[in-house]
Amino acid sequence: MRSTMTAVLERAALVNDELATEPYELPWAHEARFFVQVHELTGGLELTTEISPDGLTWCPADVPAVRVETPGMASWLVTGFGQWLRVRCRVSGDTAPAARLRIYLVGKS
Amino acid sequence: MKGLRMEPASVGLSKYDPLGRILCFDRFDSTTHGWTELIGNYNGRGDLGTVDDHMRDFRPPQLSSCSFFDVGTHGTLSGNYALKLATRPYRGHTATGIRRLTMAGRGRVRIETYFAFKAEATLGHDLPASVAWDGNRHPSEAQFGAFTVATDICADNGTRYHNVIRYQNTNLAGEMTQRWMYPIVPEPTPRDHQEGRFALPYAADFTAPDPDDWRTFDEPLELCVNEVPTKINWHYLRWDIDTATRSNVELRLNDRVMDMSDVPVPIYPDRYGTLDNLLNFYFSVRTHADIRNFLFLDSVLISVDW
């Protein structure tokens, strides 16, 4: 039987500029999937997957950034990521950009 | 876990000393075995905004290969993966892992683990620390706050209590203390908050928020932090409690055996519903500085004499 594990990385994070989630280790997982629930959004939101070999130094993963313009849920698959994962969330816009986010990370062997 | 070879259970068990009936023997080469994040209670609409501020962000446990920037994968005592609890880099923040059981009897309960603890390595910058690097000692030693092992037990018409042990490595000022501690008050609960007895801020010490409500037991004890933040040495911990007498019995940490029969277990003055025969265990780690602190569990065994 395959193993799976869901982590809630943020429950109601308010992002006014930029937020990188806490480092999360999935060394055992063959694949991972982010789910980002955008509860509130003023402006635009860009979600960039980042990877790290040590939890300290990061680079973008081989995954296109996800752009969100309206509240709802976004999701994307990540494979071949190595050990640590996080998502960088950037909001932008002309007037007081802000996003309220719940972020899940699911790993599967 | 796919592709991994498990060691025979007898080999894993031989490093433990269980009582007659084993309730769980958790090795983290295969899932988190029921050790999950603790979160405070919320209302009937699932509105997590109703969770107490100090209980809303205890972080999800991780399965870690214990890898570091300088040596790569360290691995564990028993295999490839440990359960890792990781705080945020925020002074006072706590991470937890909790396991939820119930009691089929009363009597002696033993929890054993092999564990390691570390502050996150600093790379390219320093953080304030009360210990300087001298080639042997390292600032990281003083950047680890405390770890806690505790229960949440409720039975016999709603009588609820927590047995608690804490190893305080540093005080909140970052000074080395290396003391075993226990609280003299029960943990504030969401119902206490609902009833207006307290309102605690983010990163308050959820086990007992007032430092004056903690006492030491036994003598100071130096553990094996091994010089730098990227070497981990596994320590053996064995703790006995008694649910028939609602008391502590004994704590063993490697070769130090501590009689805990005089260490009190505070009982809530009021009674709790929906918790009959509750038998929960949690591990937590709390940082006393703006740096992540980690508690690694190689494996955990819980056994009873009933």
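**Figure 1. A hairpin of chain B, formed by β8(B) and β9(B).** Three residues lie between β8(B) and β9(B) in this hairpin, and Asp156(B) in the turn has a positive phi of about 60 degrees. What you see here is a predicted model, in which local features need pLDDT of at least 70, side-chain atom pairs count only at pLDDT 80 or more, and totals for chains, interfaces and linings use all residues. Residues are numbered from 1 along each chain as its sequence is written, while chains are lettered from A and ligands numbered from 1 in the order in which they are written. Strands here are DSSP runs of E with at least two residues, helices are runs of H or I with at least four, and both are numbered from the N terminus. The two strands of the hairpin pair in the antiparallel sense over three bridges (pairing requires at least two DSSP bridges between the strands). Follow Ile153(B) across to β9(B) and you will find its bridge partner, Tyr161(B).

**Figure 2. Strand β8(B) and its other antiparallel partners, β10(B) and β16(B).** Strand β8 spans residues 146-155 of chain B, and nine of its ten residues are buried. A residue is buried if 20 or more other C-beta atoms, placed from the backbone, lie within 10 Å of its own C-beta, exposed if there are 12 or fewer, and partly exposed in between. Nine bridges connect β8(B) to strand β16 (residues 278-286) of chain B, and in that strand Asn280(B) is the bridge partner of Asp152(B). Towards strand β10 (residues 164-170) of chain B there are five bridges. Two of the partnerships to look for with β10(B) are Thr148(B) with Arg166(B) and Ala146(B) with Gln168(B).

**Figure 3. Strand β10(B) and the hairpin it makes with β11(B).** Seven of the seven residues of β10(B) are buried, so this strand is largely enclosed by the rest of the structure. Four bridges join β10(B) to β11(B), and the two run antiparallel. Arg166(B) faces Met181(B) of β11(B). Five residues sit between the strands of this hairpin, where Gly174(B) has a positive phi near 85 degrees.

**Figure 4. Two residues other than glycine with positive phi, Ala96(A) and Gln178(B).** As background, most residues other than glycine have a negative phi. For Ala96(A), phi is near 40 degrees. This alanine lies in the loop between β9 (84-92) and β10 (98-108) of chain A. Ala96(A) is exposed, because 9 other C-beta atoms lie within 10 Å. Gln178(B), with a phi of about 55 degrees, is instead placed in strand β11 (residues 176-183) of chain B. Gln178(B) counts as partly exposed because it has 13 C-beta neighbours inside 10 Å.

**Figure 5. The largest nonpolar core, of 78 residues.** A nonpolar core is a set of buried Ala, Val, Leu, Ile, Met, Phe, Trp, Tyr and Cys residues joined through C-beta atoms within 7 Å. Leu85(A), Phe115(B), Phe117(B), Leu295(B), Phe296(B) and Leu297(B) have the most contacts inside this core. Strand β17 (residues 293-304) of chain B gives the most to it, with eight residues. Apart from this core lies another, of five residues, including Ile153(B), Cys154(B), Tyr161(B) and Leu279(B). For a closer look at one member, take Phe115(B): leaving out residues up to four places away in sequence, it touches Trp234(B), His235(B), Leu237(B), Leu295(B), Phe296(B), Leu297(B) and Asp298(B). Touching, or being in contact, means that the C-beta atoms, placed from the backbone, lie within 7 Å.

**Figure 6. Chain A and the side of it that touches chain B.** Chain A has zero helices and ten strands. Its radius of gyration is 14 Å, close to the 13 Å that the globule rule gives for 109 residues, so chain A is as compact as a globular protein of that length. That radius is taken over C-alpha atoms, and the rule is 2.2 Å times the number of residues to the power 0.38. Along the principal axes, the C-alpha atoms of chain A fill a box of roughly 45 × 30 × 20 Å. Buried residues make up 31% of the 109 in this chain. Of the contacts in chain A between residues at least 6 apart in sequence, 76% join residues at least 24 apart.

Turning to the partner chain, 16 residues of chain A are in contact with 22 residues of chain B. Strands β1 (4-15) and β3 (24-25) of chain A are the elements that give two or more residues to this side, and β1(A) gives the most, with five residues. By class, the side has eight nonpolar, three polar and five charged residues. Here Ala, Val, Leu, Ile, Met, Phe, Trp, Tyr, Cys and Pro count as nonpolar, Asp, Glu, Lys and Arg as charged, and the others, Gly among them, as polar.

Notes. Two residues are in contact if their C-beta atoms, placed from the backbone, lie within 7 Å.
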